[in-house]
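Hi,

Here is the model I said I would pass on. Have a look at it first, and then read my notes below.

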Amino acid sequence: MTPDLSVEIAGVKFKNPILTASGTCGYGEELADLFSLSHLGGIVTKSITVEPREGHPPPRTAEADSGMLNAIGLANVGVDRFIDEKLRFLEKHDTVVVVNVAGARLQDYIDVCARLDDCPRADMVELNFSCPNVDWGMEIAKSPTRAEQAVREINKVFSRPVIAKLSPNVSDISEIARACEAGGAAAVSLINTLVGMAVDIDTRRPRLTNNTGGLSGPAIKPVALAMIHQVYGSVKTPVIGIGGVMTWRDAVEFFLCGASAVQIGTALFVESDAPVKITAGLKKYLSRNKIRNISELVGKLRKY
Amino acid sequence: MSRIVVENLNIIKKTDLGRDNYVIDLAPFSKAGAVKPGRFIHVKIPRTDVFFRRAFSVYDINPGEKSISIIFKVLGRGTALLAGLRNGDSLSVLGPLGNGFNLPSTRETAILAAGGIGMPPIYLLAKKLLEKRFDKTKLLFFYGGASGADLVDIRRIKKLGLKLLPATEDGTLGFKGVVTDAIRDKIATADGKFRIYACGPEGMLKAVDRLAGELRMPGQLSLEAPMPCGLGVCLGCIRPLAAGGYTRVCREGPVYNIGEVLL
Ligand SMILES: Cc1cc2nc3c(=O)[nH]c(=O)nc-3n(C[C@H](O)[C@H](O)[C@H](O)COP(=O)(O)OP(=O)(O)OC[C@H]3O[C@@H](n4cnc5c(N)ncnc54)[C@H](O)[C@@H]3O)c2cc1C
Ligand SMILES: Cc1cc2nc3c(=O)[nH]c(=O)nc-3n(C[C@H](O)[C@H](O)[C@H](O)COP(=O)(O)O)c2cc1C
Ligand code: FES
């Protein structure tokens with residue numbers, strides 16, 4: 001019996017539950033030098049905004065213990081070039097394309113998503129309500145009413161499934177998840193990065209020009225698991241898990257806590273072929289444990 | 001076939017060059033034959049408390065043995081851990097990465113300017129040129145450092161049999177002064193026949209960029225930036241371009257034309 005790794009989320013079929021996370025795989029071109037993108041269940045693009053953005057001045061990344069800080073500042077090519085160039089490239093690959101969208105105000109999200117609606121290979125959008133690195137990023141992320149309204153309005157202009165990506169930098173992430181679900185989110189993905197800081201004691205300066213940045217990598221995995229577990233228990237929409245996944249073992253923990261699929265982010269910087277290895281590892285794990293389909297693991301934590 | 005690979009390589013030889021500098025030879029690297037001078041590898045430090053890979057220019061290649069060599073200087077945690085490794089230890093290597101140098105035309109004289117631990121890609125460029133039967137007399141290899149002892153692995157450079165012109169600030173070896181002054185001393189005017197290639201500390205690259213601009217000498221510089229991914233996906237290794245905007249040093253670089261990047 002070869003185990004079935006495929007999953008279906010909001011009617012979209014993924015050949016396996018391993019996606020690459022926004023901002024850690026560009027628009028796919030570079031990773032394609034290393035392995036075929038058809039190995040991926042899906043690819044989530046860098047956040048796309050209405051206009052191109054250069055992002056924050058360097059240094060905008062810093063090494064941390066078991067992870068890193070980034071304050072890239074949503075550098076991206078803008079929606080026009082994304083559609084003309086980057087999506088053209090992605091279209092050629094047999095993998096689900098999830099376009100991550102960010103904006104300064106709700107209208108920006110609506111404008112970008114309306115443009116993407118005309119591109120059939122933008123299979124899904126993921127709304128980045130949660131970027132901690134731009135001063136306007138958190139408006140929607142922190143308010144349940146705004147989050148709900150935003151998802152509802154965006155659903156009117158984008159006819160395919162909408163994923164809401166949630167920030168951990170809030171007091172109650174389940175509340176925001178429920179609001180996004182009420183607004184019509186087909187799935188929620190979590191977590192984005194945690195606000196953090198690092199200081200160079202010789203120069204006495206923060207290591208990032210933005211002062212603070214988003215912490216990612218193995219350092220945040222326990223936080224991600226706890227939040228996924230919590231959100232899984234409070235919404236019916238599928239949960240996509242993100243945060244510090246490096247190995248197939250990590251991925252299994254995420255599935256057990258309730259993730260239907262997993263995104264690989266920072267791991268790509270250190271083990272660039274991690275998605276390929278993780279999928280292979282999962283397949284073996286399922287075989288060994290006589291599990292027919294990966295979805296049988298989702299949320300199957302045993303109670304004490 | 002993949003253009004970039006992640007492979008576990010064995011340390012087949014480690015040489016202590018003194019003053020915290022080491023050469024290590026790694027094999028087997030399936031892309032050994034595909035490494036252009038100026039390209040680099042990204043090395044995973046085999047300890048979990050050093051999170052990012054560390055970038056090292058490819059110093060030497062032996063395609064027959066599928067081996068590549070790097071030189072490194074111990075600067076911090078990552079390189080200190082590398083220095084503690086032994087023959088037979090294994091290292092995860094991502095590469096080859098970056099763009100590499102454009103070769104000069106046979107009509108030009110190539111000025112190779114290396115500074116301190118920036119020597120490796122310049123050495124490999126010289127070696128490649130000689131393999132391509134580039135005229136030895138048209139290769140001037142300037143190598144600068146604070147003191148004679150900072151000029152690493154001079155023996156290997158000398159074996160190439162080209163003109164080596166050391167420059168040391170304390171005058172212990174060769175020209176007394178910095179590399180750019182040594183170059184100025186040697187060539188008063190460029191008159192279109194020269195092409196310069198440089199890799200070294202930031203201050204030296206700035207001086208080379210200025211000198212080449214003054215002399216209207218074309219050429220290329222190999223730059224550094226801290227590199228989280230080395231692949232072009234994290235957007236962390238950026239530097240500002242003279243024409244505006246940023247460039248990813250790991251992907252569009254690390255080799256840039258004179259004047260292209262704001263130094
Ligand atoms: C394309 C490229 C090629 C390189 N080639 C070589 C080479 O052939 N030989 C060699 O010895 N070194 C090379 N370097 C520099 C090397 O990557 C750094 O010395 C190394 O990352 C330091 O790691 P560490 O953990 O020992 O130091 P850390 O603990 O990270 O830092 C120690 C010191 O090094 C500085 N530093 C950290 N990372 C870099 C970096 N990427 N560039 C410059 N300074 C840095 C820090 O600011 C600090 O002052 C290259 C760098 C790049 C980007
Ligand atoms: C360098 C970098 C850039 C990122 N850019 C984005 C982005 O543009 N949009 C977004 O929604 N998330 C972005 N993220 C967050 C990741 O998608 C992911 O949610 C987070 O890093 C946690 O997962 P990880 O620990 O596996 O990296 C970025 C993360 C990193 C490290
Ligand atoms: S190191 Fe990540 S983009 Fe260059």
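Let's start with strands E5 (residues 61-64) and E6 (67-70) of chain A in this predicted model: E5(A) and E6(A) pair in the antiparallel sense, over four bridges. Ala64(A) has Gly67(A) in E6(A) as its bridge partner. The two strands make a hairpin with two residues between them. In that turn sits Ser66(A), whose phi is positive at about 55 degrees. As background, most residues other than glycine have a negative phi, and most peptide bonds are trans.

The way into E5(A) is worth a look too. The loop between strand E4 (42-44) and E5 of chain A contains Pro59(A), and the peptide bond from Pro58(A) to Pro59(A) is cis, with omega near -5 degrees.

E6(A) also turns up in the cavity search. Going through the whole structure, that search finds one cavity of 30 Å³ or more. Its volume is about 430 Å³. A total of 32 residues line the cavity, and those closest to its centre are Ser22(A), Thr24(A), Asn70(A), Asn192(A) and Thr193(A). Strand E6(A) supplies at least two residues of the lining, and so does helix H8 (267-270) of chain A. By residue type the lining splits into 17 polar, 13 nonpolar and two charged.

Next, the helices of chain A. How do H2 (residues 106-117) and H4 (residues 144-157) of chain A cross? Their axes come within 8 Å, at a crossing angle of roughly 25 degrees. An angle under 35 degrees counts as roughly parallel, so H2(A) and H4(A) are roughly parallel to each other. The crossing of H2(A) past H4(A) is right-handed.

H4(A) has a similar story with helix H5 (residues 173-183) of chain A: the axes come within 7 Å and cross at roughly 30 degrees. That angle makes H4(A) roughly parallel to H5(A). Here too, H4(A) passes H5(A) in a right-handed crossing.

Over to chain B, where there are two open sheets to look at.

In one of them, seven strands run in the order E4-E3-E7-E1-E2-E6-E5 (chain B), with antiparallel pairing. Strand E4 (54-57) and strand E5 (60-62) of chain B are the edge strands, each pairing on one side only. From one strand to the next the twist averages 35 degrees. Within this sheet, E3 (residues 40-43) and E7 (residues 90-97) of chain B pair in the antiparallel sense over three bridges, and Phe40(B) has Leu97(B) in E7(B) as its bridge partner.

Two loops that link strands of this sheet have backbone details you may want to check. The loop between strand E1 (5-18) and E2 of chain B holds Arg19(B), a residue other than glycine with a positive phi, near 50 degrees. Further on, Pro28(B) is found in the loop between strand E2 (21-27) and E3 of chain B. The peptide bond from Ala27(B) to Pro28(B) is cis, with omega near -5 degrees.

The other open sheet also has seven strands, in the order E11-E10-E9-E8-E12-E13-E16 (chain B), but the pairing is mixed. At its edges are strand E11 (175-176) and strand E16 (255-257) of chain B, each of which pairs on one side only. E16(B) pairs with strand E13 (residues 219-222) of chain B in the antiparallel sense over three bridges. In that pair, Ser222(B) stands opposite Val255(B).

Finally, which residues lie nearest the centre of the second largest pocket? They are Ala75(A), Val77(A), Leu235(B), Tyr246(B) and Arg248(B), out of 27 that line the pocket. The elements giving two or more residues to this lining are helix H1 (78-91) of chain A and strand E15 (246-248) of chain B. E15(B) gives the most, with three residues. The pocket has a volume of about 550 Å³, and its lining divides into 11 charged, nine nonpolar and seven polar residues.

Cheers

How values were computed
Residues numbered from 1 in each chain as written. Chains lettered and ligands numbered in written order. Predicted model: local features only at pLDDT ≥ 70, side-chain atom pairs only at ≥ 80, totals over all residues. Heavy atoms only, no water. 1 Å grid on protein atoms, 1.4 Å probe; cavity = no way out; pocket = protein on both sides within 12 Å on 5 of 7 lines; lining within 4 Å. Points joined across faces, edges and corners; volume = space filled by probe spheres on them. Nonpolar A, V, L, I, M, F, W, Y, C, P; charged D, E, K, R; others polar. Pairing = 2+ DSSP bridges. Axes fitted to C-alpha atoms, helices over the stretch in contact; angles between N-to-C directions. Parallel < 35°, antiparallel > 145°, perpendicular 65-115°, else oblique. Left-handed = near helix turned anticlockwise from the far one by under 90°.
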